[in-house]
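Take a moment to look over the sequence and the structure before reading on. The paragraphs below go through them one part at a time.

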Amino acid sequence: MKNIAILVLILFITFINSTAQSYFTKNGKVSFFSAAPFEDIKADNNQVISIINGSTGDVRFSLLNNAFHFKNSVMEVHFNESYIESAKYPKSSFKGRINDLSKVNFTTDGSYPVVVSGELTIHGVTNKVSISGTISVSGGVITGTSKFKVNLADYKISIPKVVKGNIAEVVDLDVSCVYEKKI
Amino acid sequence: MKSIKLIIVFLFFCTTLVAQDDTDLMKQLEKDSNKTNYTTATFKSTRLITGHTIETLGKGILDVRILHRFAPINRGLYDFFGLDYASMRLGFDYGITNNIMVGIGRSTWQKTYDALFKIKILKQSTGAVNMPVTLTFVSTFATRSDLARKDTLNNRILINFADRTSFSEQLIVSRKFSNNFSLQFMPIFIFNHNKIDSINTYTKNKDNIVYGQKRKNTFALGFGGRLKVSKRVAINLEYYYQMPDAKPGIRFNSLSLGVDIETGGHIFQMHFTNANGMTEKSFITDTDDKWRDGYIRFGFNISRVFKVGKP
């Protein structure tokens, strides 16, 4: 009997695993924005890699800092050289889990507000964060969006005194990813 | 009990499998999106000290440059170590594309108007395309407006255009070896048919000059580098060696040592140099003094960038 129970369990777990759906994207979008007196600071990164594991609720993001593009190329150089230090810290990443996975149904159309908790790594500094966002399912297409704020000081990104008035210490981040199913 | 243990072990195994799966998938995705990673900010500015670096302005960026070179510091306290006399160049550079820029300028020294064209041909990169160096071509034109004669009615007429105009063609090869260290090599050919007719007032060799001697085209080899000492401060060195056949004895090679300080949209470049001019022809071929004799000038460049065009 015991053996059969184990076998059933194994089969059950295997079944869960095989139906466990992962969703991924290679061209997710992350933008940041900060209002400044001279010129708003805004940049887009359209090469964000992200996966959502439908069965465990694991969420991951990874992006290359030098793939943020600014309208002003001088800003882009300064961003990479003096603030995010891309040569030293090429990637920013997030590794976390959806808190209330049971409320999200990846196969039924709808909009599901979620809170994702995990570790956000920027500029070589990792902080524990909880970020709220939305997972929407529409005709089998899964979209994840989120808007949140990052305090630069938390990630040891320092602003020199001379430009302190021109750069906000808290920047707005906007995440938008359209996921494909993993085959 | 045994089976429960087994189940626990198995469950644990399955969870790690899932986690493993996520990590592998992330790695795979990162590998797939491996793109060409271009090296940026090999130098802070489009000029190393007086000469060019491989850098060009971004598209739609206007760079207003104000350059000053003072008299030699060995003039002592009476002339406040040369600061009483300034020679300047006002310049405007503009980025047409991310790889092509143009510029114009006007210098005090010999009342020179100049123009430049600069194009980045190869870009240092890693990733999908592996390129060890950056290659840039710079072409400049400079014409003096101080060479005039008086006609019979005593009107000022500029002399023959060819006799007061110079051109330069320069190739610059650079490599950013690390985040803090970049080197460049910049051979330059200068077409210069200006006669030697004016010399810097403060030079040591003022009395030895033979006026009217016609110049030859000059080939010079330039070397330069920068060492970043902090995120916003870099130390630069620039030297141009003129091939001896075209270099008159009264002229010397230009050597400059400087510091770049960057603050937002400004770059301040402060330096010590033996060169007085600020166009290719004048600072490479018209340097009248040697460092060794104490004829060292303090100078600075201020660069302020504005975004004017649409990207």
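Which strands do the buried residues of α2(A) pack against? In this predicted model, the buried residues of helix α2 of chain A, residues 73-83, are S73(A), M75(A), H78(A), F79(A) and S82(A). Within chain A they pack against β2 (41-53) and β4 (69-70), and from chain B β2 (61-72) joins these partners. After α2(A) comes E85(A), which has a positive phi, near 55°.

The helix belongs to a chain with two helices and nine strands. Read from the N terminus, the order of elements in chain A is α-β-β-β-β-α-β-β-β-β-β. The C-alpha trace of chain A spans about 75 × 35 × 25 Å along its principal axes. Chain A has 183 residues, and 27% of them count as buried. For contacts in chain A between residues at least 6 apart in sequence, 56% join residues at least 24 apart.

One example of residues distant in sequence involves K181(A), which lies in strand β9 of chain A, residues 170-181. K181(A) and F24(A) are separated by 157 residues in sequence, yet their C-alpha atoms are 6.3 Å apart in space. Setting aside neighbours within four places in sequence, the contacts of K181(A) are Q21(A) and Y23(A). Is K181(A) buried, exposed or partly exposed? K181(A) counts as partly exposed because 13 C-beta neighbours lie inside 10 Å, and the partly exposed class falls between 12 or fewer neighbours for exposed and 20 or more for buried.

Y23(A) also appears in the largest nonpolar core. This core has 23 residues, of which Y23(A), V48(A), I52(A), L63(A), V116(A) and Y179(A) touch the most other members. At least two residues of the core come from each of these strands of chain A: β1 (22-34), β2, β3 (58-64), β5 (91-98), β6 (110-122), β7 (125-138), β8 (141-151) and β9. I52(A) can serve as an example: leaving aside neighbours within four places in sequence, I52(A) is in contact with Y23(A), V59(A), G144(A) and Y179(A). There is also a second, separate core of 14 residues, including I172(B), I188(B), F283(B) and I284(B).

Now turn to chain B. Its secondary structure comes to two helices and 18 strands. Of the 311 residues in chain B, 37% are buried. Among contacts in chain B between residues at least 6 apart in sequence, 59% join residues at least 24 apart. The mean pLDDT of chain B is 86, and 86% of the residues of chain B reach 70 or more. The model as a whole scores ipTM 0.72 and pTM 0.81.

How many strands make up the closed barrel of chain B? Twelve strands form the barrel, in the order β2-β3-β4-β5-β7-β10-β11-β14-β15-β16-β17-β18, with antiparallel pairing. On average, neighbouring strands of this sheet are turned by 20° against each other, direction ignored. Strands of a sheet pair through backbone hydrogen bonds, in either a parallel or an antiparallel sense.

A stretch of the barrel shows how this pairing is laid out. Strand β3 of chain B, residues 86-95, pairs with β4(B) in the antiparallel sense over seven bridges. In this pair R89(B) stands opposite S107(B) in β4(B). A hairpin of four residues joins β3(B) to β4(B). On its other pairing, β4(B) meets strand β5 of chain B, residues 112-122, in the antiparallel sense over eight bridges. Here G103(B) stands opposite L116(B) in β5(B). β4(B) and β5(B) also form a hairpin, with four residues between them, and Q110(B) in the turn has a positive phi of about 60°.

Which residues of β4(B) lie on the covered face, and which on the uncovered one? In a regular strand, side chains alternate between the two faces of the sheet. In β4(B), residues 100-107, the covered face holds M101(B), G103(B), G105(B) and S107(B). The uncovered face holds I100(B), V102(B), I104(B) and R106(B).

Further along the barrel, strand β7 of chain B, residues 134-144, pairs with strand β10 of chain B, residues 165-176. Their pairing is antiparallel and runs over ten bridges. T134(B) stands opposite S174(B) in β10(B).

Notes:
Residues are numbered from 1 along each chain as its sequence is written. Chains are lettered from A and ligands numbered from 1 in the order in which they are written. This is a predicted model: local features need pLDDT of at least 70, side-chain atom pairs count only at pLDDT 80 or more; totals for chains, interfaces and linings use all residues. Two residues are in contact if their C-beta atoms, placed from the backbone, lie within 7 Å. pLDDT is the predictor's confidence in each residue, from 0 to 100. Two strands pair if DSSP finds at least two bridges between them. A nonpolar core is a set of buried Ala, Val, Leu, Ile, Met, Phe, Trp, Tyr and Cys residues joined through C-beta atoms within 7 Å. Axes are lines fitted to C-alpha atoms, for helices over the stretch in contact, and angles run from 0 to 180 degrees between N-to-C directions.
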